[in-house]
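I opened the file and kept notes as I went. Here is what I looked up, in the order I looked.

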Amino acid sequence: MAKPARWELIDNGTTAYYRFNWPAGAVHAFSSRLGGFSDPPYHGLNLALHVGDDAGRVRQNRQAFSHALGLPAVDWACVNQVHGDRIVWVGPGEDMDEASFTAAVHADGLATDLADVPLAVFGADCGLLLFYDLQGRRVGAVHAGWRGTAAGLPRKMVEAFVARGSRPGDILVALGPQIGPCCYPVGEDVAAAFSQRWPFAEVVLGPCSAEGKRTLNLALAQRLQLEMAGIAGEHIGELGLCTSCTEALFSYRRDGGRTGRQAAVIMLKIEGHR
Ligand SMILES: [Zn+2]
């Protein structure tokens, strides 16, 4: 039985990030907004280019974060996130090769069997999830707010790993920062999207408020669908930090829409595996 996944906060003075006690073989991290070079309203470690921040500052921030993690000086593989459920594989002959490492590809999940290719997803309330199969030697990253979670994107990543030979029992998943049920009232359309698809809907939706809203526990919805896909509960690490409640994180709702994005980054680090 694996040890339960625990996370720690690493603060090196320039950046501060969260990571789990995963076995060696991959580098991974969930950034916070601490450190970095961006000015308000994107202060400080905004890692996303699509939010209106100065592109030069964002590149400086990415370099600082890459340096802190010990990543090679290469572009991260990232996608144009569209709240869908598409996963792209990164590598020669795959959906996305090195020539298309820009945000031109529309998707919300990235995966690769290649070492030394950092994958990145961005969010500021939406869930950021990382996947790691040490035995099967592959990694993945997912951006899933309510739409992606209701559409089953986290489970789809497990299925994509299994289709390439991973065993569900070998897959570790980290649920990063995202808006918590404390700060996430949702309308009937969102509640219905879960009720219509998932047997656990009533577990993740809170009671109806006086305003007719229910709350949504996104992380729990992700955990439950991952367990349905065969992931062991102790292999799912949960950061458990609400973006809106945590000043050190970007929150789209709390910050009134104009804000930066934290990132989840993962890179396979296996010698000779290419
Ligand atoms: Zn909260």
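**Metal site**

I started at the zinc ion: its 4 donor atoms subtend angles of 102 to 116°, so the arrangement is tetrahedral. I kept in mind that this is a predicted model. Which atoms coordinate the zinc ion? I found Cys182 (SG), Cys183 (SG), Cys242 (SG) and Cys245 (SG), at 2.3 Å. Along the chain, these donors follow the spacing C-C-x58-C-x2-C. I then checked where two of the ligands sit. Cysteine 182 is in the loop between β9 and β10 (185-186), and cysteine 245 is in the loop between β12 and β13 (262-268). The pair therefore ties together parts that are 63 residues apart in sequence. Is cysteine 182 buried or exposed? I read a relative accessible area of 55% for cysteine 182, and exposed means over 50%, so it counts as exposed.

**Sheet of 6 strands**

Next I traced an open sheet of 6 strands. I wrote down its order as β4-β5-β8-β7-β9-β12, with mixed pairing. Which strands stand at the edges? They are β4 (87-89) and β12 (236-238). Each has a single partner strand, so one side of each lacks a neighbour in the sheet. On average, neighbouring strands here are turned by 15° against each other, direction ignored.

I looked at one pairing in detail. Strand β5 (residues 109-112) and strand β8 (residues 138-144) run antiparallel and are joined by 4 bridges. Leucine 110 has alanine 141 in β8 as its bridge partner. I also noted what lies across this sheet. Helix α3 (residues 153-163) lies across β4, β5, β7 (127-133), β8 and β9 (171-175). Helix α3 runs at about 165° to β8.

**Sheet of 5 strands**

I moved on to an open sheet of 5 strands, with antiparallel pairing and the order β1-β2-β3-β13-β6. Its edges are β1 (7-11) and β6 (119-123). Each of these edge strands has a single partner, so one side of each is left without a neighbour in the sheet. The average turn between neighbouring strands of this sheet is 25°, direction ignored.

I checked β3 against β13 as well. How many bridges join strand β3 (residues 26-35) to β13? I noted 5, and the two strands run antiparallel. Valine 27 stands opposite methionine 267 in β13.

**Helix α1 and serine 66**

Helix α1 (residues 55-69) lies across β2 (15-20), β3, β6 and β13. I noted that α1 runs at about 50° to β2. I picked one residue in α1, serine 66. Serine 66 has 8% relative accessibility; buried means under 20%, so serine 66 is buried. What does serine 66 touch, leaving aside its neighbours within four places in sequence? It is in contact with Leu71 and Trp76.

**Helix α6**

I then turned to helix α6 (residues 218-228). Here 8 of the 11 residues are buried, so α6 is largely enclosed by the rest of the structure. Among the buried ones I listed Gln222, Arg223 and Gln225. Just after α6, glycine 230 takes a positive phi of about 100°.

**Whole chain**

Last, I took the overall view. I noted 6 helices and 13 strands in the chain. Buried residues make up 54% of its 274 residues. The radius of gyration is 18 Å, which agrees with the value near 19 Å for a compact globule of 274 residues. The C-alpha atoms fill a box of roughly 55 × 45 × 35 Å, taken along the principal axes. Of the contacts between residues at least 6 apart in sequence, 65% join residues at least 24 apart.

Terms used. Residues numbered from 1 in each chain as written. Predicted model: local features only at pLDDT ≥ 70, side-chain atom pairs only at ≥ 80, totals over all residues. Heavy atoms only, no water. Pairing = 2+ DSSP bridges. Axes fitted to C-alpha atoms, helices over the stretch in contact; angles between N-to-C directions. Contact = heavy atoms within 4.5 Å. Donors = N, O, S within 2.8 Å, 3.2 Å for Na, K, Ca; no water. Tetrahedral: all angles 85-135°; square planar, octahedral: opposite > 155°, others 65-115°. Buried < 20%, exposed > 50% of the residue type's maximum accessible area, 1.4 Å probe, protein only. Rg over C-alpha atoms; globule rule 2.2 N^0.38 Å.
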